[in-house]
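Reader: I would like a close look at a single part, the metal site. Please start there, then set the site in its surroundings.

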Amino acid sequence: MIKPTHIEHIGIAVSNLNEAIAYYEEVLGLKCYAIEEVPDQKVKTAFFKIGDTKIELLESTDPEGPIGKFIEKKGQGIHHIAFAVENTDEALKQAESKGIQLIDKQARKGAENLMIGFLHPKSTFGVLTEFCSK
Ligand code: ZN
């Protein structure tokens, strides 16, 4: 069993990072504590903390990137849910052994230096699912 400890973050695709940050800060009263570009995923990210969970806003830096394509197809909104696990590689292996289709066969480095890996939404009832470990 993978047994995630908590929801590490919720990834939300937005067209305009600054406008979205203003909403989270000025309406919800959360504080953006980091903005980071992840060239690998062609995104610029902004982070907010709520308890143990983060909100990760994702703005595409390239229309051909995964977030650019997502917004074109589905519009802005929840893009993925990330579960905190002990070991991302191990969690991916366990999911695969139970017949879940993987996007990442191996963990790779994501924002905040975490090791991340994605499961295919076809196998997870429509939710793009990420595992995250330190
Ligand atoms: Zn994520």
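Author: What follows starts at the metal and works outwards.

The model is predicted, so local features need pLDDT of at least 70 and side-chain atom pairs count only at pLDDT 80 or more, while totals for chains, interfaces and linings use all residues. Residues are numbered from 1 along each chain as its sequence is written, and side-chain values use heavy atoms, with hydrogens and water left out.

The metal is a zinc ion. Its protein donors are His 9 (NE2), Glu 56 (OE), His 80 (NE2) and Glu 130 (OE). They lie 2.0 to 2.6 Å from the ion. Donors here are N, O and S atoms within 2.8 Å of the metal (3.2 Å for Na, K and Ca). Water is not among the atoms, so sites may look incomplete. The angles among the 4 donor atoms run from 81 to 171°, and the site is irregular. That label has cut-offs. Four donors count as tetrahedral if all angles lie between 85 and 135 degrees. Four count as square planar, and six as octahedral, if opposite donors are over 155 degrees apart and all others between 65 and 115; anything else is irregular.

Along the chain, the donors follow the spacing H-x46-E-x23-H-x49-E. One pair links distant parts of the chain: His 9 is in strand E1 and Glu 56 in strand E4, 47 residues apart. Strands (E, at least two residues) and helices (H or I, at least four) are DSSP runs, numbered from the N terminus. Both of these donors are shielded. His 9 counts as buried, at 3% relative accessibility. Glu 56 is buried too, at 7%. Buried means under 20% relative accessible area, exposed over 50%, and partly exposed in between (1.4 Å probe, protein chains only).

Strands E1 and E4 are also joined by charge. Lys 54 forms a salt bridge with Glu 8, with 2.7 Å between the closest N and O atoms. Lys 54 lies in E4 (residues 53-60) and Glu 8 in E1 (residues 6-14), so the pair ties together parts that are 46 residues apart in sequence. A salt bridge is a side-chain nitrogen of Lys or Arg within 4 Å of a carboxyl oxygen of Asp or Glu. Glu 8 is buried. Lys 54 is buried as well, with a relative accessible area of 12%.

Lys 54 has another partner. It forms a salt bridge with Glu 112, the closest N and O atoms being 2.8 Å apart. Glu 112 sits 58 residues away, in the loop between strand E6 (108-109) and strand E7 (115-119). At 27% relative accessibility, Glu 112 is partly exposed.

For contrast, look at Lys 105 and Glu 96. Their side chains meet in a salt bridge of 2.6 Å, N to O. Lys 105 is exposed at 61%. Glu 96 is partly exposed at 35%. Elsewhere, shared partners join Glu 8, Lys 54 and Glu 112 into one network. In total, the structure holds 6 salt bridges.

Now the nonpolar side. The largest nonpolar core has 12 residues, among them Ile 12, Val 14, Phe 48, Ile 55 and Leu 57. E1, helix H1 (17-27), strand E3 (43-50) and E4 each supply at least two residues of this core. H1 gives the largest share, 4 residues. A nonpolar core is a set of buried Ala, Val, Leu, Ile, Met, Phe, Trp, Tyr and Cys residues joined through side-chain atoms within 4.5 Å.

Phe 48 connects several of these names. Leaving aside neighbours within four places in sequence, its contacts include Ile 21, Tyr 24, Leu 30, Cys 32, Ile 55 and Leu 57. Lys 54 is also one of them. Contact means heavy atoms within 4.5 Å. Apart from this core lies another, of 8 residues, including Ala 13, Val 38, Phe 47 and Phe 70.

Last, the chain as a whole. The protein chain has 3 helices and 8 strands. From the N terminus on, they run β-α-β-β-β-α-β-α-β-β-β. Of the 134 residues, 42% count as buried. Residues 24 or more positions apart account for 52% of the contacts with a separation of 6 or more. The C-alpha trace spans about 45 × 30 × 25 Å along its principal axes.
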